[in-house]
Amino acid sequence: MKTILIAEDEKMIRQGLKAMIGRSGVEVEQILECPNGIEALNIIDEQEVSVLFTDIRMPKMDGLALLNALKERTNPPEIVVISGYDDFSYAVEALKCGAKDYLLKPVSREAIYKVMKELEEIIKEKNKLVETMEVIDDILEQQIKYIFLNTSVTKSELCSFEQGFSNHWINQEAYRVFCMHEAIELPTEIEVISCVVENCYIVIAKDEDTKKVEAYYQGKNIGASSSYASIHHLRIAYEQAILARRYAYIMNVPFLNYEDIPTQHNLKIENKDITKLIQLIGTERKEEFEEVFNKILGKDSIEGLIYDDFEKLMEMLIGHILEAYGSLIDIVEFKKVKDFYQYADYTSYQAHLKAYLLELNDKICDTHESNRNNVKMKEALAYIKSNYEKDLNMAMVSNHISMNYSFFSQTFKEYTGMSFVNYIKDVRINKAKKLLESTNKKVAEIGYAVGYENEKHFMKVFRSVTGISPTEYRKNSQL
């Protein structure tokens, strides 16, 4: 047993019971104590309790009130009542409330040992039954998934399935199939069969519980099939639920029965509008982009489509995006755009799609801007190499390529890896080296030829770059 709870207002009696239970020979993980029914109820609500030993007379909430409250709980503990009152009416009432035994105080060691052995067997049998039911539920779920996923299930297979689960309510009562975006646990009083099929959460419930399911899933874009009373119609019901969910998604309604799917639609897909939307991505015309986006993908436009046209629209849009910008797209992120039915509703998907396209727009704009800047930087470098001997400065070069002075400084450094001043210095000194190696011109003449009017300044810059004087460099190059 996992946990035993003793509810008794007399501390000495609680401790005596705890000691006898501990010596009973039945393995127990933990024994908890409390002085009244309210505390016992709180403990049972917070954790699983295997067995409850409770007194009849306790303050705040007595034992009978506690037993009546437990009847409302799912999976209540096994109950043993302990009382100092040898009153038949108390015993009858306790047994009516689900007690397994009624022990009189003072409780003997033998009585505790006997009831613990009996409870151990009861709990073992209950666990076996639970395990059996879990196995049956697993088999049932797999059989149902097989029917859902196969269009060619034979009549013989359906009859075999029907016979195998002939005592299950799905074979005895009218049912509906519900399709939704995500799993939400229903109250235990609503009997359901649930499973995940192709990324959809599928629930089968009794037809009489339809209103309860609808109320519990309020606002979740649920699709519901028609009512059926035979396993042979299970796949039809599944297909109806899928279709109804798609319409609920497109129409952004919380719950849609298959019978209520609209038969009219009044919107045609215009390929030119999609082309225009794609062409606007990567431009600075965001207002126009949003206008076209809302025209073809806005809530009002989408609600006018039947689901086939909606899927064609999305297929067309996704295909255009991949064709135009495939090299810039992250496959993992784009999967979230492609799997539009995985969103709770179209409104959620629309918001994600718009954000994704605007982010793609910024990425393309940044790429374009970077490419334009690279072109300008190449132009700037060409200008420097053609005019390095002149009195160049950053203002002159940035004006030449028509770029803001501050932005030019930042972009130039990012592109070349060095500041404008150091780059000019590097170009001039490299040219000076070549002249020192290949000509007999004087150092002053070479300095002037590469843009330095003052010989001393040229020599100082040359030494700072190379570590030696121009004369030493010339001698070394001639060795």
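This tour moves through a predicted model, stop by stop, saying what to select and what is found there.

Residues are numbered from 1 along each chain as its sequence is written, and side-chain values use heavy atoms, with hydrogens and water left out. Because the model is predicted, local features need pLDDT of at least 70 and side-chain atom pairs count only at pLDDT 80 or more, whereas totals for chains, interfaces and linings use all residues.

**First stop: the parallel sheet**

Select strands E1 to E5, where helices (H or I, at least four residues) and strands (E, at least two) are DSSP runs numbered from the N terminus. They form an open sheet in the order E2-E1-E3-E4-E5 with parallel pairing, two strands being paired if DSSP finds at least two bridges between them. Strand E2 (30-34) and strand E5 (99-104) stand at the edges with a single partner strand each, so one side of each has no neighbour in the sheet. From one strand to the next the twist averages 15°; axes here are lines fitted to C-alpha atoms, for helices over the stretch in contact, and angles run from 0 to 180 degrees between N-to-C directions.

Now zoom in on strand E1 (residues 3-7), which is joined to E2 by 5 bridges and runs parallel to it; Ala-7 has Cys-34 in E2 as its bridge partner. Adding helix H1 (residues 11-22) shows it packing on the sheet, where it touches E1, E2, strand E3 (51-55) and strand E4 (78-83), contact meaning heavy atoms within 4.5 Å. The direction of H1 makes about 165° with that of E2.

**Second stop: loops and a helix around this sheet**

Select Lys-60 in the loop between E3 and H3. Its phi is near 70°, a positive value in a residue other than glycine, and at 71% relative accessibility Lys-60 counts as exposed; buried means under 20% relative accessible area, exposed over 50%, and partly exposed in between (1.4 Å probe, protein chains only). Ala-69, in helix H3 (residues 63-70), counts as buried at 15% relative accessibility. The C-alpha atoms of Ala-69 and Ile-38 are separated by 9.9 Å, with the two residues 31 apart along the chain.

Go next to Pro-106, in the loop between E5 and helix H5 (109-149), where the peptide bond from Lys-105 to Pro-106 is cis, with omega near -10°.

**Third stop: the mixed sheet**

Select strands E6 to E10, an open sheet in the order E7-E8-E6-E9-E10 with mixed pairing. Its edges are strand E7 (192-197) and strand E10 (255-257), each having a single partner strand, so one side of each is left without a neighbour in the sheet. Neighbouring strands are turned by 20° against each other on average, direction ignored.

E8 deserves its own selection: 7 of its 7 residues are buried, so it is largely enclosed by the rest of the structure. E8 pairs with E6 in the antiparallel sense over 6 bridges, with Val-177 opposite Ile-204 in E8, and 6 bridges also join E7 to E8, again antiparallel, with Cys-195 opposite Ile-202 in E8. The hairpin of E7 and E8 has 2 residues between the strands, and Glu-198 there takes a positive phi near 50°; Glu-198 is exposed, with a relative accessible area of 60%.

At the other end of the sheet, 3 bridges join strand E9 (residues 222-224) to E10 in parallel, and Ala-224 has Asn-257 as its bridge partner in E10. Helix H8 (residues 234-251) lies across strand E6 (175-180), E7, strand E8 (200-206), E9 and E10, running at about 40° to E6.

**Last stop: helix H10 and the nonpolar core**

Which residues of H10 are buried? Select Phe-289, Val-292, Phe-293, Ile-296 and Leu-297. These residues pack against helix H9 (271-280), helix H11 (299-303), helix H12 (307-325) and helix H14 (346-387), while the face of H10 turned away from its buried side carries the exposed residues Glu-287 and Glu-291.

Finish with the largest nonpolar core, a set of buried Ala, Val, Leu, Ile, Met, Phe, Trp, Tyr and Cys residues joined through side-chain atoms within 4.5 Å, which here has 42 residues. Those with the most contacts inside it include Leu-297, Phe-310 and Leu-317. Apart from it lies another core, of 28 residues, among them Val-397, Met-403, Leu-435 and Val-443.
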